[in-house]
Amino acid sequence: MDVKEIEEKWVKRWEESKIFEADPTEGKKKIFVTFPFPYMNGPLHIGHALTSARCDVYARFKRMQGYNVLFPWAWHLTGEPITGAAERVKRGDEDQIRIFREIDGVPEEDLKKFGDPAYIAKYYIKESKEAVKRIGHSVDWRREFHTTSLNPHFDKFIEWQYLSLRKKGYVIKGTHPVVWCPHDESPTGDHDRLRGEGVSPVEFTVLKFPFNGAYLPAATLRPETVFGVTNMWINPEAEHVRIRVGGEEWIVSREAAVKLKEQKKVRIIEEGIKGSQLIGKYCVNPVTKDKVLNLPATFVDPDNATGIVMSVPSHAPYDWVALRDLQVNPGLVEKYGISPEEVKSIKPISLIKIKKFGEHPAIEISEKMGIKDQNDPRLDEATEVIYKEEFYKGVLKENTGKYKGMKVSEVKKSLVADFEKDGIADKMFELADEVICRCGTKCLVKILKNQWFLKYSDEEWKKKVLEALADMEILPEEARANFEYTIGWLEDKACARKSGLGTKLPWDPEWIVETLSDSTVYMAFYTIQKHIRQYDIPAESLRPEVFDYIFLGEGDVKALAEKSGIKEDILDEMRSEFEYWMPVDLRNSAKELIPNHLTFYIFHHVALFPRDKWPRRIGVNGMINVEGEKMSKSLGNFITLKKALVEFGADATRATLLYSAEGLRDPDWRSKSALDIQGRLKAFYDVVSQLHGMEEMEERRIDVWLRSRVQKHVRKATVEYESLRFRSAFQAAFFDFFNDVRWYLRRDKPNKKVFAEVVDIWVRLISPVTPMICEEVWEKLGKEGYVSLAEWPKYDEGLISEEAELAEELIGKTLDDVDNILKVTDIKPKKIYIYTSPKWKLKVNKVIKEVGKPNMKEIMSKAMEDGELRAIGKEVSAYVSSLIKDISKVRVEEIDELAALRDARQFFEKEFGCPVEVYSADEEVYDPMGKRKQASPMKPAIYVE
């Protein structure tokens with residue numbers, strides 16, 4: 001079996017026959033499946049392959065179920081990633097060039113042209129399209145397109161989208177904090193980042209501690225803890241500056257001054273202030289008016305918030321451990337002229353009451369965890385525990401004044417408002433983690449004025465989104481809570497930037513629609529892209545009114561045809577196509593896109609389209625790992641789709657990815673697993689190839705068993721495919737099915753008629769996952785057409801035989817039991833005797849099941865109602881005692897065990913190489929060791945000579 005040859009053959013055949021091109025068909029139910037268009041700043045990798053394969057498997061499955069299925073594809077070029085990469089190549093950035101050359105495998109002659117963003121996009125689209133075809137995705141390529149002004153037709157679509165959103169009040173101009181790239185002078189969305197995807201601005205309360213005619217501003221997320229401040233922390237090595245903020249002077253780290261300039265009117269009035277110059281001096285707690293000593297702390301990061309930290313050792317493990325370190329090491333403070341005794345006299349101030357901890361929670365947890373010093377990595381865990389416990393369950397104590405008795409979770413808003421009113425508090429924004437723009441620049445938070453935002457905070461809009469979500473199927477269901485959480489916290493988001501590729505805002509062309517904002521409703525564009533190509537419609541004809549008519553049915557078609565230059569019948573055809581395919585029946589993506597793309601997708605659909613066009617179903621999967629680690633170019637474990645296909649082939653790659661995990665669990669790609677599946681597929685091919693050498697015969701018990709097992713696999717696999725549980729589907733359709741086929745071939749000479757039926761079902765059942773090898777087998781079986789278009793196997797309950805399945809279970813277990821005896825005794829058998837259970841034991845088992853609990857007295861009382869059992873009461877009692885510990889294992893199925901095992905005598909004799917006799921324990925037969933009394937239902941006794 002030449003995998004490469006088979007793959008090339010079927011990719012070519014599918015393409016030539018155009019079997020995946022889908023057009024509206026009257027009276028035929030449709031399925032519209034989409035995958036988030038991949039970003040073309042690099043090659044497709046196995047993460048893309050996992051998510052897109054889930055779409056393709058579902059598309060193939062539904063197509064075989066008789067649905068008219070559309071699975072289109074497009075390419076995302078918007079934003080900074082491509083232009084950022086091109087710029088780094090121009091600058092001669094060796095890291096970027098090495099990635100292109102060594103990891104992506106870009107040839108030198110192409111790499112020379114990578115200073116041009118358009119060339120990068122063109123190169124990766126060509127490479128990626130080949131990979132998508134080769135992995136076997138059933139795509140309608142007539143609908144292919146790419147984003148940005150490099151595609152003027154799509155540009156017009158995005159212009160319509162944003163004009164419509166603005167008209168409805170969902171795009172507004174305002175002042176908001178954004179993640180900002182100083183180099184690009186532009187907001188940096190999630191997909192425009194090299195690092196820090198998902199990181200947002202966090203609002204800090206800045207508490208102003210008076211100090212020598214200025215303020216030491218301490219930024220905090222817990223302003224209520226100001227009542228427990230015992231000292232300030234300042235990094236002695238950091239450089240600080242005095243700045244003028246409004247009419248005040250603040251002393252902050254140099255790094256903080258840079259950030260504050262992007263958020264407030266700031267002027268530096270003094271530089272070169274070493275942190276050591278501030279240590280040993282006092283500032284004043286603005287709330288309690290207590291004097292507070294400035295102490296040294298190298299753990300204070302000058303690049304975090306203001307670079308000034310207030311210390312609350314009763315409630316912050318870091319503060320307590322740092323204070324303790326200074327108290328036991330006098331030399332750490334003496335060099336700053338601070339008296340060690342003064343430091344030792346600092347006592348924690350308790351201000352929050354929680355049931356789980358005592359007076360000083362931070363001290364308690366630090367001692368309990370055995371935290372050694374301020375460099376102990378477990379301090380993060382301790383901090384998280386205390387923060388959560390105090391926030392959700394804490395109540396403020398009497399020393400917090402008018403706030404006493406209030407819950408920590410509820411006090412912040414009113415407390416901060418009071419502090420701001422009193423002039424002792426301000427605010428600043430900081431990033432929760434480092435963010436690096438695609439251009440390589442470290443980002444910060446900027447308060448952006450006159451910027452365009454999507455008004456995701458709009459409560460009415462959110463209400464509609466929650467309605468849509470409630471009507472939608474989310475798979476797995478556990479992901480629904482993530483969507484609800486995201487919708488709840490989502491605030492206004494910048495929808496445009498000033499650099500990179502993209503569509504210009506039609507009313508404000510200095511701004512370009514950003515990456516996550518032009519990728520929300522483009523599924524509608526798929527429905528008309530084939531017409532744009534087929535009728536060579538010029539971009540300038542795609543006026544906003546054209547989209548209004550196609551997508552919303554608004555306007556007069558005759559007047560529109562005259563105005564746009566597009567014929568009436570073409571406009572109607574485009575509208576009919578949209579009406580037929582929309583809404584999207586399945587959109588599938590990775591779980592990391594729930595907080596952005598997948599939620600924005602719902603927002604934009606409910607804003608722009610009528611309710612009957614809202615999405616019906618969203619599938620979510622985990623993030624790919626490689627050999628147990630997160631896949632990353634920096635870790636050197638990045639696997640391109642092209643590489644996986646060359647090494648393992650399409651079917652093995654698809655099956656390995658889909659079998660590696662289910663639900664929200666992160667799949668783990670392992671090369672050994674891919675090789676194993678590759679071997680299993682080869683074995684499958686070899687097994688079904690045996691069909692031609694088989695003979696037809698009379699139907700036997702084993703044939704009935706195989707047909708029954710196959711129907712159960714059909715039922716199980718069908719349910720799992722529908723639920724997007726593809727690991728479970730492939731387990732049933734391939735591995736479990738294969739185990740039964742192997743048993744069938746081992747048990748007896750195969751019946752050609754039965755095996756042909758079984759193989760026919762088997763090939764169809766696994767073809768959504770492994771389409772290439774299945775097409776090849778389908779053709780070798782002499783079947784007409786493509787297995788990709790064959791009818792999905794229908795479950796036939798009439799072929800289920802529990803009796804046949806129980807008989808084979810009995811035979812299999814008996815085989816295993818004999819095997820185990822031979823292994824333990826290490827003897828070569830001359831003859832084997834098998835004794836089936838006496839009938840009275842089945843009666844007792846039924847009594848045990850009827851009683852339903854391990855109650856010896858109740859079971860025996862019930863059993864003694866039967867005259868036959870009463871006559872052998874002693875034996876019954878001993879038997880019940882042996883089962884009472886675990887009654888779940890008691891078997892009550894009624895089958896003719898004697899007939900089943902006698903039917904398998906020849907099989908046993910072939911397996912063990914000696915004569916085999918089968919008797920009932922109710923018979924007086926040869927039993928020199930008294931074994932037959934050990935027999936019980938579905939567990940025969942065995943004697944080996």
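Q: Asp569, buried or exposed?
A: Exposed, with a relative accessible area of 51%. Here exposed means over 50%, buried under 20% and partly exposed in between, with a 1.4 Å probe and protein chains only.

Q: What sort of model is behind that?
A: This is a predicted model, where local features need pLDDT of at least 70, side-chain atom pairs count only at pLDDT 80 or more, and totals for chains, interfaces and linings use all residues. Residues are numbered from 1 along each chain as its sequence is written, and side-chain values use heavy atoms, leaving out hydrogens and water.

Q: Which residues gather with Asp569 in the patch of negative charge?
A: Asp556, Glu562, Glu568, Asp572 and Glu573 join Asp569 there, on the surface. Patch residues have over 30% relative accessible area and no salt bridge, with like charges joined within 9 Å and nonpolar side chains (Val, Leu, Ile, Met, Phe, Trp, Tyr) within 5 Å. A salt bridge would be a side-chain nitrogen of Lys or Arg within 4 Å of a carboxyl oxygen of Asp or Glu. Asp and Glu count as negative, Lys and Arg as positive, while His and the chain ends are not counted. Each charge is placed at CG of Asp, CD of Glu, NZ of Lys or CZ of Arg. Areas are Shrake-Rupley values with a 1.4 Å probe, and for residues only the protein chains shown count as cover.

Q: Which helix gives the most to the negative patch?
A: H21, residues 568-581, with four residues. Asp569 lies in that helix. Helices (H or I, at least four residues) and strands (E, at least two) are DSSP runs numbered from the N terminus.

Q: Where's Met582?
A: In the loop between H21 and strand E24 (586-590). Met582 is buried, at 2% relative accessible area.

Q: What is Met582 in contact with?
A: Leaving aside neighbours within four places in sequence, Met582 touches Lys30, Phe32, Ala524, Thr527, His605, Phe609 and Lys613. Contact means heavy atoms within 4.5 Å.

Q: Switching to H3: why is it largely enclosed by the rest of the structure?
A: Because eight of the 10 residues of H3 (residues 81-90) are buried. Among them are Pro81, Ile82, Arg88 and Val89.

Q: What do the buried residues of H3 pack against?
A: Helices H4 (94-103), H5 (108-111) and H6 (117-134), plus strand E5 (193-195). Gly92 follows H3, with a positive phi near 80 degrees.

Q: And the whole protein, how many helices and strands?
A: 36 helices and 31 strands. Buried residues make up 57% of the 945 residues.
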